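Here is the note you asked for, written as numbered points to be read with the model open beside them.

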Amino acid sequence: MKLILLGAPGAGKGTVAKLLTKIDGSVQISTGDILRGAVNAGTDLGKEAKAYMDAGDLVPDSLIMGIMEERLQEDDCKNGFLLDGFPRTIPQAEALDVLLDKIGAKLDFVVNLDVPRDVIYDRLTTRRTCENPECQAIYNVKSMPSKVEGICDKCGSKTVQRADETVEAISKRLDTYDEMTAPLADFYDKKGQLFTVVATSSDKVVEEVTKKLGIA
Ligand code: AP5
């Protein structure tokens, strides 16, 4: 499958992407995970991205497109990919169209995860993420706790709150989403590619997506 997962911070893009990868081996490509990995590794990319991310701002389009040009041409993308957190601006979406043409890939559709704002606030303040950059498993102290508090079930590393999970950064990320990313729903709707699902249950989202893909 070749899908874009669109949705506000905390809508469940990462959670749904991880569930979908298990179905046909398509890879999850999360620009947020790639950037957090670069920050932890202290690379030039990470140093440049860190201040934007901690403040809840978007990283410049040029940096993101550099990452995606390379990533989408890697071999593991041939079976399919789930774009999680990308594109996030109209210029990124336009550049993605050009890139997909160049590599001869065609999107199935764009999944728009619709979740009420109060639910999102609650999810983001209770999320925990595995600090191992190779793992980055997602938990939630209320809805999806790890078996041992503070320890990742999958790799045994610590689970932590992300640097952008302060109340100020969460509000900023939601404002940034409304201003810069929400217009993408209209962009893809006009192209006939938008599939909006109510995302209060991740399993239900997976069910609806696989049904639409004809693989349920
Ligand atoms: P990114 O990592 O993409 O963050 P985000 O969009 O803010 O999304 P989140 O990861 O916060 O949420 P999610 O929708 O994946 O939800 P999750 O599944 O974790 O980006 C971080 C930063 O990087 C950006 O702010 C920006 O600075 C930069 N960046 C990244 N991409 C960029 C780009 N393209 N351009 C420019 N800058 C970019 O779920 C949230 C919580 O809810 C979890 O605890 C989960 O367990 C729980 N949960 C999920 N689903 C359910 C459910 N159905 N029921 C109950 N709980 C649930």
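The points below take the sheet, the smaller strand pairings, a helix contact, a buried side chain and a pocket in turn.

1. Please bear in mind throughout that this is a predicted model. Its main sheet is open and is formed by five strands in the order β2-β3-β1-β4-β8, with parallel pairing. The edge strands are β2 and β8 (194-198), each of which pairs on one side only, and the twist from one strand to the next averages 25°.

2. What joins strand β1 to β3 in this sheet? Strand β1 (residues 2-7) and β3 run parallel and are joined by four bridges, and within that pairing L3 of the one strand is set opposite L82 of the other. Strand β1 also pairs with strand β4 (residues 109-114), again in the parallel sense, over five bridges, and here L3 stands opposite F109 in β4. Taking these pairings together, L3 is a useful residue to find on screen, with L82 in β3 opposite it and F109 in β4 opposite it as well.

3. Strand β3 has a further pairing, with strand β2 (residues 27-30), which is likewise parallel and runs over four bridges; in this case S30 stands opposite D84 in β3. Are the residues on the two faces of strand β3 (residues 81-84) buried or exposed? Both faces are covered, since F81 and L83 on one side and L82 and D84 on the other are all buried. The charged residue D84 is therefore counted as buried, that is, under 20% relative accessible area, just as its three companions in the strand are buried.

4. Antiparallel pairing is found around β5 (127-130). With strand β6 (residues 138-140), β5 pairs in the antiparallel sense over three bridges, and the bridge partner of R128 in β6 is Y139. With strand β7 (residues 159-160), β5 is joined by two bridges and again runs antiparallel, with C130 standing opposite T159 in β7.

5. Two packed helices are described by the angle between their axes and the distance between the axes. For helix α5 (residues 90-103) and helix α8 (residues 183-190), the axes come within 10 Å and cross at roughly 35°. On the α5 side the contact is made by I90, A93, E94, L96 and D97, and on the α8 side by P183, L184, F187 and Y188. By class, these residues divide into seven nonpolar and two charged, with no polar residue among them.

6. Helix α5 also holds Q92. Why is Q92 counted as buried? Its relative accessible area is 3%, and the cut-off for a buried residue is under 20%. Leaving aside neighbours within four places in sequence, Q92 is in contact with D61, I64, M65, F86 and P87.

7. Rolling a probe the size of a water molecule over the atoms shows where empty space is left. The second largest pocket holds about 310 Å³ of space, and of the 17 residues that line this pocket, the closest to its centre are R36, V39, N40, R162 and A163. At least two lining residues are supplied by each of α2 (31-41), α3 (44-55) and β5 (127-130). The lining of the second largest pocket is mixed in class, with six nonpolar, five polar and six charged residues.

Technical notes: Residues are numbered from 1 along each chain as its sequence is written. This is a predicted model: local features need pLDDT of at least 70, side-chain atom pairs count only at pLDDT 80 or more; totals for chains, interfaces and linings use all residues. Side-chain values use heavy atoms; hydrogens and water are left out. Buried means under 20% relative accessible area, exposed over 50%, partly exposed in between (1.4 Å probe, protein chains only). Two strands pair if DSSP finds at least two bridges between them. On a 1 Å grid over the protein atoms alone, a cavity is a set of points where a 1.4 Å probe fits but cannot get out, and a pocket is an open set with protein on both sides within 12 Å along at least five of seven lines; lining residues have an atom within 4 Å of a point. Grid points are joined across faces, edges and corners, and a volume is the space filled by probe spheres set on the points. Ala, Val, Leu, Ile, Met, Phe, Trp, Tyr, Cys and Pro count as nonpolar, Asp, Glu, Lys and Arg as charged, and the others, Gly among them, as polar. Axes are lines fitted to C-alpha atoms, for helices over the stretch in contact, and angles run from 0 to 180 degrees between N-to-C directions. Contact means heavy atoms within 4.5 Å.
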